[in-house]
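Please open the model in your viewer and keep the sequence panel beside it. The stops below are meant to be selected one after another.

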Amino acid sequence: MKFLKIIGLILLVAFVGIQFIPTNRNHSDYIPKSDFTEIYEVPENINTILQTSCYDCHSNNTNYPWYNKIQPFTWYLNDHIEKGKADLNFSEFGEYSSRRQRSKLRSISSQVKDGEMPLQSYTLVHWDAKLSDKEKEEFTVWMDSLAMEVR
Amino acid sequence: MKNLKVNLGIAMLVIVSLTAVSCKNNNEEGNVDRSGMDHENMSEGSEMMEGGEQTSENMSGSENQDSQTGIIVNDYMELKNALVADNSEGAAQAGESLVAAFENFNMSGYEAAERQELTEIIESAKEHADHISYSDMAHQREHFELMSIDMVDMLAITGSPERLYQQFCPMYNNKKGAIWLSTSEEIRNPYFGQNMLSCGEVQKEI
């Protein structure tokens, strides 16, 4: 039992200790000209989906949940955001070549269609980010038609 | 103190379960068909011979190994053949070689306008190759389709080092259809693999 106490104490100290490690927050107050919603006319329902289900990990502005302030969640989230932005960043969408935009639009649509995005681990906590079948349909149809338009 | 321990325990559980969920996506790669198909043996030889109608598939080596476009075309064909054989691991390896081949592409011999176009094409194609190098088969095929379009556009600028056939599968991508390139006129469909091997048609020669 004493052994357990020591382990518990060590864990506690480590847990408290890591809270003091500073991390950068993915936060920005202004919408850049290259933002997806600036370069394309995005209907309201699509924009809502983008903001609630995509932008947290795929833009330069994350709407952080309260537990983000607690390590190791901060690391976990930041790692996700970094990877998400590397693959697709809606804030910089306008900087992609039109070829790349087309292929991103195709991938966006197919990932949502297959239910791979938004990530399960994300919707587990963000219930509102989960897409209904109807939302999925609207979203993918719109993305597909945009992919055909981009030249 | 006891409460704290319980809290800590819960926190740990949550962490572990979150990690488990996020890892799930990466585990699908495991199911690879290793039916003894060494992808190197499957690289189609060049069809440069007069007539160009030969469909022999297992010739190794190519006169175009040295040219940078030739390397890309050869790697692309390895990727295509791996997809035809439902060999996800082979496709991943070919994807890796393609990343390197695109990275090494030297554009100094081209005019400014062509360079700009090539830069965009290669940036896009490299990204697809990279995804192919670590994704499951369904994703590999999605990226292969988009990369095939990049390949056609690239070859329109660089010219093809050998005779290639642009082929078309009308069923892929929800019946929107998809193209691919082959050194052989014979249809070996990379989008459905062994399920629909000979489905498709030749669209044009490049």
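A residue is called buried here when its relative accessible area is under 20%, exposed when that value is over 50%, and partly exposed in between. With that cut-off in hand, and bearing in mind that this is a predicted model, begin by selecting chain B as a whole, where buried residues make up 47% of the 206 residues. Colour chain B by secondary structure and you should find six helices and three strands, which follow one another from the N terminus in the order α-α-α-α-α-β-α-β-β.

Next, select residues 137–158 of chain B, which form helix α5. This helix has 22 residues and spans 29 Å between its first and last C-alpha, close to the 32 Å expected at 1.5 Å a residue. Of those 22 residues, 17 are buried, so α5(B) is largely enclosed by the rest of the structure. Then turn to the two ends of the helix. At the N-terminal end, show the side chain of B:D136, which acts as a cap, with one of its side-chain oxygens 3.2 Å from the backbone nitrogen of B:A138. Just past the other end, B:G159 adopts a positive phi of about 80°.

From there, move along chain B to strand β2, residues 178–182, where five of the five residues are buried, so the strand is largely enclosed by the rest of the structure. Showing the side chains lets you inspect its faces in turn: B:A178, B:W180 and B:S182 lie on one side, while B:I179 and B:L181 lie on the other, and both faces are covered. Now add strand β1 of chain B, residues 165–169, which runs antiparallel to β2(B) and is joined to it by five bridges. To see a facing pair across these strands, select B:Q167, which stands opposite B:W180.

For the last stop, look for internal space: the structure holds two cavities of 30 Å³ or more, and the largest of them contains about 60 Å³. Which residues line the largest cavity? Select A:D56, A:C57, A:T62, A:N63, A:Y64, A:P65, A:L77, A:I81, A:Y122 and A:H126 to display its lining. By character, the residues of this lining divide into six nonpolar, three polar and one charged. If you also highlight helices α3 (44–58) and α4 (73–87) of chain A, you will see two elements that each supply at least two residues of that lining.

Definitions and conventions: Residues numbered from 1 in each chain as written. Chains lettered and ligands numbered in written order. Predicted model: local features only at pLDDT ≥ 70, side-chain atom pairs only at ≥ 80, totals over all residues. Heavy atoms only, no water. 1 Å grid on protein atoms, 1.4 Å probe; cavity = no way out; pocket = protein on both sides within 12 Å on 5 of 7 lines; lining within 4 Å. Points joined across faces, edges and corners; volume = space filled by probe spheres on them. Helix = DSSP H or I, 4+ residues; strand = E, 2+ residues; numbered from the N terminus. Nonpolar A, V, L, I, M, F, W, Y, C, P; charged D, E, K, R; others polar. Buried < 20%, exposed > 50% of the residue type's maximum accessible area, 1.4 Å probe, protein only. Pairing = 2+ DSSP bridges. Expected span 1.5 Å × (residues − 1). Polar contact = N/O pair within 3.5 Å; in protein donor to acceptor, adjacent residues only side chain to side chain.
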